[in-house]
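Grab a pencil and work through a few short exercises on the model shown here. Try each task before you read its solution.

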Amino acid sequence: MTAFGVGEPSEDYARDPFATLDMLLGACPVRLADREGWAVAGRGSVLAALRDDRLAATDGSTFNDRSPAFRNSVARMLRAWFAHEADRALPDLVNAAFADAMAPLFALGPADLVVDLVADIARAVPLAVMAALLGVPPAHRQGLGRLAGGLLASYDSSWSERAASGVRSKQGLDGYFVLHLTRAEIGTPLLDALRDIGLKQGLPPAAMADVCTKLLVAGTTTTAGCLASILAWLLEDPAAYPTCAERADAEMPALVEDLIRLRSPVLALKRIATAETTVAGTPVAPGARVYLLTAAANRERGAAAPDCPAAGPTQRHLSFGRGRHACLGAPLARLEIRTALTHLLPLVPRLRLLEPIQWRRAWLLHEPVSIRV
């Protein structure tokens with residue numbers, strides 16, 4: 001098959017991959033010879049695979065550590081910390097980041113200002129928030145943001161140069177955080193909690209640095225992609241703004257969940273089999289890769305209004321995963337998207353696209369890379 005092959009996807013696929021995903025939904029599981037793995041798309045099959053402990057998240061990730069020292073300390077602490085702080089300190093931090101990013105929009109008249117909504121808002125805000133949580137100085141944020149973007153690009157590892165770029169980005173981020181964690185003069189509640197657990201559990205510095213890298217990359221790039229995709233939809237679809245504005249007033253939490261279901265930039269979650277298992281009724285050998293097409297499962301026919309958030313979702317989406325690999329920072333992502341809608345929806349009628357939206361050329365990621373208005 002051509003989808004998810006070793007070559008670059010077409011511009012049509014980059015702009016709208018969902019026709020291909022719908023095709024896969026009826027054909028999966030599909031053997032992907034070029035990628036030495038399987039693609040799975042049905043909601044039931046994806047959900048079962050997400051809960052299968054024999055399918056690990058990624059090669060070499062600290063979050064594959066099943067030891068009590070990690071699973072019962074770091075992962076549990078992070079899950080509880082984000083859930084707790086989402087109702088306490090995080091709203092003020094997120095609101096302040098949006099206010100800073102959007103200040104130029106109010107500094108000049110609408111005819112005087114050109115803004116790239118991706119670079120100036122969708123990427124800037126999550127980066128500012130996560131950097132503040134990890135105690136990253138403002139002077140270092142743009143550089144780390146570029147490394148985070150390089151690591152995200154390698155997620156779609158069809159091209160050898162992308163994979164190599166991802167390795168370099170990962171090494172750069174891990175090296176930074178190994179040193180960062182030793183700097184006692186830099187402290188935040190989250191950073192101090194990570195240091196304390198690392199010391200108490202005897203976890204090596206490299207493992208704790210990997211945790212910080214994962215938090216920065218996942219907490220910045222995926223939320224940024226979702227925000228950018230929402231903004232693209234609001235600007236390109238004439239029916240999007242009134243639909244979204246009406247629901248924002250009446251049912252904001254349900255609207256946020258529906259937008260995450262439909263606009264998540266990650267089309268597939270990658271897994272690797274650590275032992276023989278079965279996926280969608282198909283035997284999978286140890287070492288095989290499995291691509292869980294969550295974007296297809298989220299749009300599976302049978303859900304109400306699968307392609308337009310005109311009504312609340314009828315079932316929980318899979319964008320944050322499930323089981324022990326479920327997204328630890330999901331409360332922060334929800335908060336940032338809800339806050340973005342609060343700040344940006346009133347401005348949408350005043351924004352005009354200056355050029356066609358540019359989309360990332362990738363098989364497994366779907367997000368705008370530039371929205372100039």
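The exercises below concern a predicted model.

**Exercise 1.** Work out how helix 8 and helix 11 are oriented relative to each other, and which residues meet.

*Solution.* Start with the two elements: helix 8 covers residues 138–153 and helix 11 covers residues 205–236. Their axes lie 10 Å apart, and the packing angle is about 80°. Angles of 65 to 115 degrees count as roughly perpendicular, so helix 8 is roughly perpendicular to helix 11. Now for the contacts: helix 8 brings Leu144, Ala148, Gly149, Leu151 and Leu152, and these meet Thr213, Leu216, Val217 and Thr221 of helix 11.

**Exercise 2.** Find Glu85 and check whether its charge is paired in a salt bridge.

*Solution.* First, place it: Glu85 belongs to helix 4, which spans residues 68–85. Next, look for a partner: Glu85 is buried but has no salt bridge, and Arg88, the nearest side chain of opposite charge, is 4.0 Å away. Finally, check the neighbours: leaving out residues up to four places away in sequence, Glu85 touches Leu90 and Pro91.

**Exercise 3.** Look up the phi of Ala280 and say what stands out.

*Solution.* Begin with the location: Ala280 sits in the loop between strand 5 (277–279) and strand 6 (282–284). Its phi is near 55°, a positive value in a residue other than glycine. Most residues other than glycine have a negative phi. As for exposure, Ala280 is partly exposed, with a relative accessible area of 34%.

**Exercise 4.** Compare the burial of Cys226 with that of Cys327.

*Solution.* Cys226 has a relative accessible area of 4%, so Cys226 is buried. Cys327, at 32%, is partly exposed.

Conventions. Residues are numbered from 1 along each chain as its sequence is written. This is a predicted model: local features need pLDDT of at least 70, side-chain atom pairs count only at pLDDT 80 or more; totals for chains, interfaces and linings use all residues. Side-chain values use heavy atoms; hydrogens and water are left out. Helices (H or I, at least four residues) and strands (E, at least two) are DSSP runs, numbered from the N terminus. Buried means under 20% relative accessible area, exposed over 50%, partly exposed in between (1.4 Å probe, protein chains only). Lys and Arg count as positive and Asp and Glu as negative; His and the chain ends are not counted. Contact means heavy atoms within 4.5 Å. Axes are lines fitted to C-alpha atoms, for helices over the stretch in contact, and angles run from 0 to 180 degrees between N-to-C directions. Angles under 35 degrees count as roughly parallel, over 145 as roughly antiparallel, 65 to 115 as roughly perpendicular and the rest as oblique.
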